[in-house]
Amino acid sequence: MKRVLITGAAGFLGSHLCDKFIDNGYEVVGMDNLITGNLENIEHLFPNKHFEFYHHDVSKFVHVSGQIDYILHFASPASPIDYLKIPIQTLKVGSLGTHNLLGFAKAKNARILVASTSEIYGDPDVHPQKEEYWGNVNSVGPRGVYDEAKRFQEAITMAYHTYHGLETRMVRIFNTYGPRMRLDDGRALPAFMSQALEGNDLTVFGDGSQTRSFCYVDDLIEGIYRLLLSDYASPVNIGNPSEITIKDFAEEIIKLTGTENKVIYKPLPKDDPKQRCPDITKAKEILGWEPKVDRAEGLKRTYEFFKQKLNK
């Protein structure tokens with residue numbers, strides 16, 4: 001059996017990746033320091049003999065005994081509410097953590113895929129965003145700790161690829177949603193859903209004209225899986241190019257939840273991107289991938305998950 005190490009395993013995306021690889025016949029080693037991850041996301045895997053878990057911070061030395069064929073580095077805070085609260089850890093996991101895992105991949109002769117982000121494009125001047133766009137990022141702004149950690153992560157990953165010949169893959173992840181998101185995550189979808197379920201008005205920052213493109217988690221995980229097994233070493237956008245304004249998105253959530261809440265407006269946070277939409281031409285051509293789950297179906301599944309979570 002092939003053996004894969006997944007960092008950030010108890011997080012939203014990491015836990016879904018653990019499921020994907022277990023379902024596809026791999027042995028999975030999960031690793032997480034649980035700063036933002038939650039063991040509830042992977043507790044169903046603990047009885048599985050092909051799954052093991054290490055409670056560990058990858059910013060420190062990383063070691064797992066035995067063969068490792070693949071590494072997926074998904075350890076990082078990923079929402080503004082988290083990386084504004086723990087900015088130093090965010091920078092460390094993107095820099096020291098990535099360095100440690102690249103060295104570990106080299107020692108194990110393993111292929112490594114790193115989770116980058118659409119945030120490396122910053123507040124973009126180009127729309128939709130292609131992989132060749134270099135971005136418009138404020139390195140010293142409040143969001144800079146996340147954006148620059150991920151930009152450095154890409155740079156050091158490519159350096160290991162060109163200098164050491166390491167097999168590397170890079171995914172640039174656009175807005176993703178689905179079961180196992182935290183209700184207090186701070187991003188638009190969980191914020192809107194938790195506000196609607198609790199009978200509160202939905203908070204939109206700015207005038208709501210900024211856009212996002214929401215990809216359902218199952219689609220994203222399939223794209224990442226295909227990228228890992230591909231022969232392509234440069235970054236690839238994975239996301240859903242169906243774009244919507246935040247104001248319209250809030251109205252969709254109100255309609256879905258059947259509440260009578262209003263939308264209220266607050267000032268837009270500093271450096272909040274006004275547009276976010278992936279160009280997925282590369283993913284289509286190289287991976288034969290495009291999203292399958294439309295927003296109506298994905299939101300329905302996510303709403304059911306959040307309802308159950310609140311009922312608990």
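**Side-chain contacts in the predicted model**

Asp82 and Arg182 join their side chains in a salt bridge, with N and O 3.0 Å apart. This bridge links distant parts of the chain, since Asp82 belongs to helix α2 (residues 80–83) and Arg182 to the loop between β7 (176–177) and α5 (188–197), 100 residues apart. Asp82 is buried, with a relative accessible area of 7%, whereas Arg182 is partly exposed at 23%. The model is a predicted one, and a search of the whole structure finds 23 salt bridges in it.

Another of these bridges is formed by the side chains of Glu132 and Lys282, at 2.4 Å from N to O. Glu132 is in the loop between β5 (111–117) and α4 (144–164) and Lys282 is in helix α8 (residues 281–287), so this bridge ties together parts that are 150 residues apart in sequence. Here the acidic partner, Glu132, is partly exposed at 49% relative accessibility, while Lys282 counts as buried at 16%.

Within helix α9 (residues 295–311), Arg301 and Glu297 are four residues apart, a separation of about one helical turn. Their closest N and O atoms are 2.9 Å apart, and the two residues form a salt bridge. Both ends are partly exposed: Arg301 has a relative accessible area of 32%, and Glu297 has 29% relative accessibility. The two residues also take part in a network of salt bridges that links Asp218, Glu297, Lys300 and Arg301.

Turning to the aromatic residues, the count comes to 14 aromatic pairs. The ring centres of Phe21 and Tyr26 are 4.9 Å apart and the planes meet at 75 degrees, over the 60 degrees required, so this pair is edge-to-face. Phe21 is buried, with a relative accessible area of 0%, and Tyr26 is buried too, at 9%. Tyr26 also pairs edge-to-face with Tyr225, at 6.4 Å centre to centre and 85 degrees between the planes. Tyr26 lies in the loop between α1 (12–23) and β2 (27–32), and Tyr225 lies in helix α6 (residues 217–228), so the pair ties together parts that are 199 residues apart in sequence. Tyr225 has a charged neighbour as well: Lys20 lies over the face of its ring, at 5.0 Å from the ring centre. Elsewhere, ring pairs link Tyr177, Phe192, Phe214, Tyr216 and Phe249 into a cluster.

Phe21 appears again in the largest nonpolar core, which has 58 residues; Ile6, Phe21, Leu72, Phe74 and Ile224 touch the most other members. Helix α6 gives the most to this core, with seven residues. Leaving aside residues up to four places away in sequence, Ile224 touches Leu17, Leu72, Phe74, Leu113, Val171 and Ile173. A second, separate core has 21 residues, including Leu5, Val62, Val64 and Tyr160.

The cysteines give a simple result, with a count of zero disulfides. For Cys18, the nearest cysteine sulfur is that of Cys215, 19 Å away. The sulfur of Cys215 is in turn 11 Å from the closest cysteine sulfur, in Cys277, which is too far for a bond. Cys18 is buried, with a relative accessible area of 0%, and Cys215 is likewise buried at 0%.

Finally, Ser59 is found in the loop between β3 (51–55) and β4 (70–73). Ser59 is buried, with a relative accessible area of 14%. Beyond residues up to four places away in sequence, Ser59 touches Lys92, Val93, Leu96, Gly97 and Asn100.

How values were computed: Residues numbered from 1 in each chain as written. Predicted model: local features only at pLDDT ≥ 70, side-chain atom pairs only at ≥ 80, totals over all residues. Heavy atoms only, no water. Phe/Tyr/Trp six-rings, centres within 6.5 Å; stacked < 30°, edge-to-face > 60°. Buried < 20%, exposed > 50% of the residue type's maximum accessible area, 1.4 Å probe, protein only. Helix = DSSP H or I, 4+ residues; strand = E, 2+ residues; numbered from the N terminus. Lys NZ or Arg CZ within 6 Å of the ring centre and 35° of its normal. Core = buried A, V, L, I, M, F, W, Y, C linked by side-chain atoms within 4.5 Å. Contact = heavy atoms within 4.5 Å. Disulfide = S-S within 2.5 Å. Salt bridge = Lys/Arg side-chain N within 4 Å of Asp/Glu carboxyl O.
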